[in-house]
Amino acid sequence: MRRNTLNRYFSKAAVGKFEPYIKQSCDKLTKRLLDYRGKGPMTISSAYSSFATDVITEYLFGESFEYLDRDRFLPNLQPASDSFGAMLPTLRFVPWLSSAMRLVSK
């Protein structure tokens, strides 16, 4: 039943309508990466994280966070995502910790 509710958002037609925005974001990412050429090191994962966040937030909320427009693509959601990923093994063996974290964050 829950899957049927979400099916319309992930149909070929729905994703096809969103394709121009994805292409526009790819072009923006490419341009920004080319702008950094010769300007020293940068963290490529921050660029990809910014791209993914912009596309996902535009699709889900109708408004992008516009991380691709930020200097060196920072700040973005990558540190939070990495931290959560690092916690997953702990949460697997200490399931009550997840509930405690939810209570603290309220």
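Leaving aside neighbours within four places in sequence, Y36 touches M42, D71, R72 and F73. This is a predicted model, and Y36 is a good place to enter it.

**Around Y36**

Y36 sits in the loop between α2 and α3. Is Y36 buried or exposed? Its relative accessibility is 10%, so Y36 counts as buried. One of its contacts, R72, lies 36 residues away along the chain. In space, the C-alpha atoms of Y36 and R72 are separated by 8.6 Å.

**The largest nonpolar core**

Y36 also belongs to the largest nonpolar core. This core has 9 residues in all: F18, Y21, L29, Y36, A47, F51, V55, L68 and F73. Which elements give two or more residues to this core? They are α2 (12-35) and α3. In soluble globular proteins, nonpolar side chains tend to be buried together.

A47 is a core member that lies in helix α3. A47 counts as buried because its relative accessibility is 0%. Beyond its neighbours within four places in sequence, A47 is in contact with L29, L33, M42, L68 and F73. Among these partners, L29, L68 and F73 are core members too. A47 and F73 are 26 residues apart in sequence. Their C-alpha atoms are 5.6 Å apart in space.

**Helix α3**

Helix α3 spans residues 44-61 and has 18 residues. How far does α3 reach from its first C-alpha to its last? The reach is 25 Å, close to the 26 Å expected at 1.5 Å a residue.

Several residues of α3 are buried: S46, A47, S49, S50, F51, T53, D54, V55 and T57. The list includes serines, threonines and an aspartate as well as nonpolar residues.

T53 is one of these buried residues. T53 has a relative accessibility of 11%, and therefore counts as buried. Leaving out neighbours within four places in sequence, T53 is in contact with F65, Y67 and L77.

Just after α3 comes G62, with a positive phi of about 75 degrees.

**The loop between α3 and α4**

F65 lies in the loop between α3 (44-61) and α4 (78-93). What is the exposure class of F65? At 36% relative accessibility, F65 counts as partly exposed. F65 is in contact with the buried T53, and F65 also helps to make a nonpolar surface patch. The other patch residues are I56, L60, F61 and L77. The patch covers about 520 Å². L77, like F65, is both a patch residue and a contact of T53.

E66 lies in the loop between α3 and α4 as well. Its phi is positive, about 55 degrees, although E66 is not a glycine. Most residues other than glycine have a negative phi. E66 is partly exposed, because its relative accessible area is 46%.

**Salt bridges**

How many salt bridges are there? The count comes to 3. Side chains of opposite charge can pair when their charged atoms come close. The table gives each pair with its N to O distance.

| Pair | N to O distance |
|---|---|
| K23 and E19 | 3.4 Å |
| K28 and D69 | 3.2 Å |
| K31 and D35 | 3.2 Å |

K23 and E19 both lie in helix α2. They are 4 residues apart, about one turn of the helix. E19 counts as partly exposed because its relative accessibility is 38%.

K31 and D35 are likewise both in helix α2, 4 residues apart, about one turn of the helix. K31 has 52% relative accessibility, so K31 counts as exposed. D35 is partly exposed, with a relative accessible area of 34%.

The remaining bridge joins the side chains of K28 and D69. This pair links distant parts of the chain. K28 is in helix α2, while D69 is in the loop between α3 and α4, 41 residues apart. K28 counts as partly exposed at 29% relative accessibility. D69 counts as partly exposed at 44%.

Technical notes:
Residues are numbered from 1 along each chain as its sequence is written. This is a predicted model: local features need pLDDT of at least 70, side-chain atom pairs count only at pLDDT 80 or more; totals for chains, interfaces and linings use all residues. Side-chain values use heavy atoms; hydrogens and water are left out. Patches are made of residues with over 30% relative accessible area and no salt bridge: like charges are joined within 9 Å, nonpolar side chains (Val, Leu, Ile, Met, Phe, Trp, Tyr) within 5 Å. Accessible areas come from the Shrake-Rupley method with a 1.4 Å probe; for residues, only the protein chains shown count as cover. A salt bridge is a side-chain nitrogen of Lys or Arg within 4 Å of a carboxyl oxygen of Asp or Glu. Buried means under 20% relative accessible area, exposed over 50%, partly exposed in between (1.4 Å probe, protein chains only). A nonpolar core is a set of buried Ala, Val, Leu, Ile, Met, Phe, Trp, Tyr and Cys residues joined through side-chain atoms within 4.5 Å. Contact means heavy atoms within 4.5 Å. The expected span of a helix is 1.5 Å times one less than its number of residues.
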